[in-house]
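Visitor: Could you walk me through this one? I'd like to begin with the ligand and then move on to the strands.

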Amino acid sequence: MGTQMVAINPQLSLVAAMVIPCMSIVIAKLGERLRQISKEAHLSLAMLAAYLNDVWFSSTQLVHVLPSMLTVKVNNGEHKEMLRFHELAFLDLKNNLGKKKMKALIPQAVRTTYIAGLVVLCAGSVAVSGTTFDPEGFLSFLTALALFVEPIQDFGKAYNEYKQGEPALERIFDLTRFIPEVRDKPSALHLNSVKGDIKFHDVTFRYVAGMPPIVDGVNLHIRAGETIAIVGPSGGGKTTLAKLLLRLYHPQSGYIALDNHDIQDIQLQCLRTHIAFVSQDPMLFSGTIAQNIAYGDPVGDTNMRKVENAAKIANADEFIKILPEGYDSYVGQRGSSLSGGQKQRLSIARAIYQNSSILVLDEATSALDSRSELLLKEALMNLMASHTVVIIAHRLEMILMADRIVLLEGGKLREITRSAFLSLDGRFGSPPDLLSRELGEA
Ligand SMILES: Nc1ncnc2c1ncn2[C@@H]1O[C@H](COP(=O)(O)OP(=O)(O)OP(=O)(O)O)[C@@H](O)[C@H]1O
């Protein structure tokens with residue numbers, strides 16, 4: 001088409017060619033604007049989705065109430081939430097409308113720029129050269145030009161589609177390029193079994209650079225098969241110690257050894273297989289009770305015999321059995337159909353199912369009633385004989401089960417005797433009258 005145009009009118013062809021760079025600049029500028037608008041639209045949609053996920057969960061027929069909705073209701077936050085929803089939905093609507101408008105505007109703006117540029121340049125060159133106007137030749141030239149311009153416009157459209165999708169692409173690349181801070185060394189060890197001997201060597205850790213350390217030069221030896229209780233003020237760093245053991249973070253100095261191997265030299269997956277962790281916030285996933293208990297199964301299987309055994313030890317069996325579908329009952333999103341104590345018992349059952357050499361219980365019984373805790377305590381007594389157990393607790397019943405008690409305060413760790421702990425006057429545990437009674441029993 002280009003050669004035909006040159007044959008019809010070389011002068012006008014040159015002028016038309018000169019408009020193409022102008023058009024490219026317009027496409028690039030508008031494309032950049034579309035990219036920005038698309039990014040804002042992606043962000044507002046993500047914010048709306050995160051908000052809906054946090055507060056609401058829509059099923060096909062109903063809007064189910066999530067635990068977060070309980071907080072909204074008891075704090076009379078319905079009106080505030082409605083406003084927040086409207087604000088986010090409106091922002092999303094505004095950004096998406098802006099994107100659609102921009103997409104509709106770009107082809108028109110490109111065409112207008114091209115025609116206007118062409119008219120100006122043609123008129124200018126005709127005026128300057130004084131060439132006589134040939135309507136037939138000009139018409140043939142325009143026809144050839146229209147056909148020539150079509151692929152350029154298609155390119156413009158494709159470029160804008162790309163610009164529109166670029167923010168999403170950037171996000172995907174950000175995720176795929178993300179390199180976790182804690183990762184396996186190429187020569188990391190795989191340990192088939194561990195005894196459960198744990199040593200913290202002068203471990204110092206802070207979450208934020210420049211802030212005082214949460215854990216400051218901690219030394220601790222937990223022998224295989226021993227049960228140790230970590231006590232201390234709320235926010236003192238007890239959970240952080242467990243997270244360091246699980247290699248969720250790296251200490252800034254010092255190291256932790258498992259069976260005399262620095263945990264940084266052990267394969268991450270292997271390390272976490274040997275440590276069962278029950279968090280203070282029992283986290284259940286959408287799925288059945290059996291699937292939740294068998295979540296940590298090394299081969300991704302659900303061994304029903306092991307599931308039922310773990311549930312019995314965790315004293316969860318009796319409430320599971322009376323559910324209409326027993327172990328096949330769905331727990332709802334984040335276990336929303338279960339009570340706090342039931343969720344806690346399922347988390348404990350999950351840890352027992354894992355059958356690791358080390359069991360870390362982080363406030364694992366805080367939501368249990370006295371009877372359930374007593375039953376669980378008996379079960380744990382049996383487990384303690386063959387496992388290394390770390391108990392992070394405020395409840396005296398749990399603390400006094402340990403062979404040793406360590407106090408973490410101001411980042412420093414020190415071992416204390418039972419009587420020294422009890423003389424702390426219930427600062428980090430149950431009230432003093434209960435402490436005295438327990439001391440008598442102990
Ligand atoms: N991811 C994080 N980023 C920054 N600071 C954190 C993070 N996690 C915990 N912290 C801070 O570290 C400190 C210790 O938290 P940690 O959860 O270890 O305390 P804890 O002794 O287990 O408390 P509690 O008894 O209340 O459970 C707290 O001040 C907490 O705010």
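**Ligand site and strand pairing**

Visitor: What is 3.1 Å from an oxygen atom of the ligand?
Guide: Bearing in mind that this is a predicted model, that distance leads from the ligand oxygen to a polar backbone atom of Gly236.

Visitor: And which side chains make polar contacts there?
Guide: Lys238 has a side-chain N or O atom at 2.8 Å from an oxygen atom of the ligand, while a polar side-chain atom of Tyr249 is placed 3.4 Å from a ligand nitrogen. As for cover, the protein buries 63% of the 640 Å² that the ligand exposes when taken alone.

Visitor: Which residues come nearest to the ligand?
Guide: There are 13 residues around the ligand, and those that come nearest are Ser234, Gly235, Lys238, Thr239 and Thr240.

Visitor: How does that shell break down by class?
Guide: The shell around the ligand is made up of eight polar residues, four nonpolar ones and one that is charged.

Visitor: Switching to the strands, what does β3 pair with?
Guide: Strand β3, residues 198-205, runs antiparallel to strand β4, residues 215-222, and five bridges join the two. Five bridges also join β3 to strand β6, residues 253-258, and that pairing is antiparallel as well.

Visitor: Which residues stand opposite each other in those pairings?
Guide: On the β4 side, Phe200 stands opposite Leu220, whereas on the β6 side His201 stands opposite Tyr255.

Visitor: What do side chains do along a regular strand?
Guide: In general, they alternate between the two faces of the sheet when the strand is regular.

Key: Residues numbered from 1 in each chain as written. Predicted model: local features only at pLDDT ≥ 70, side-chain atom pairs only at ≥ 80, totals over all residues. Heavy atoms only, no water. Pairing = 2+ DSSP bridges. Helix = DSSP H or I, 4+ residues; strand = E, 2+ residues; numbered from the N terminus. Near = heavy atom within 4 Å. Polar contact = N/O pair within 3.5 Å; in protein donor to acceptor, adjacent residues only side chain to side chain. Areas by Shrake-Rupley, 256 points an atom, 1.4 Å probe, with all protein chains shown as cover. Nonpolar A, V, L, I, M, F, W, Y, C, P; charged D, E, K, R; others polar.
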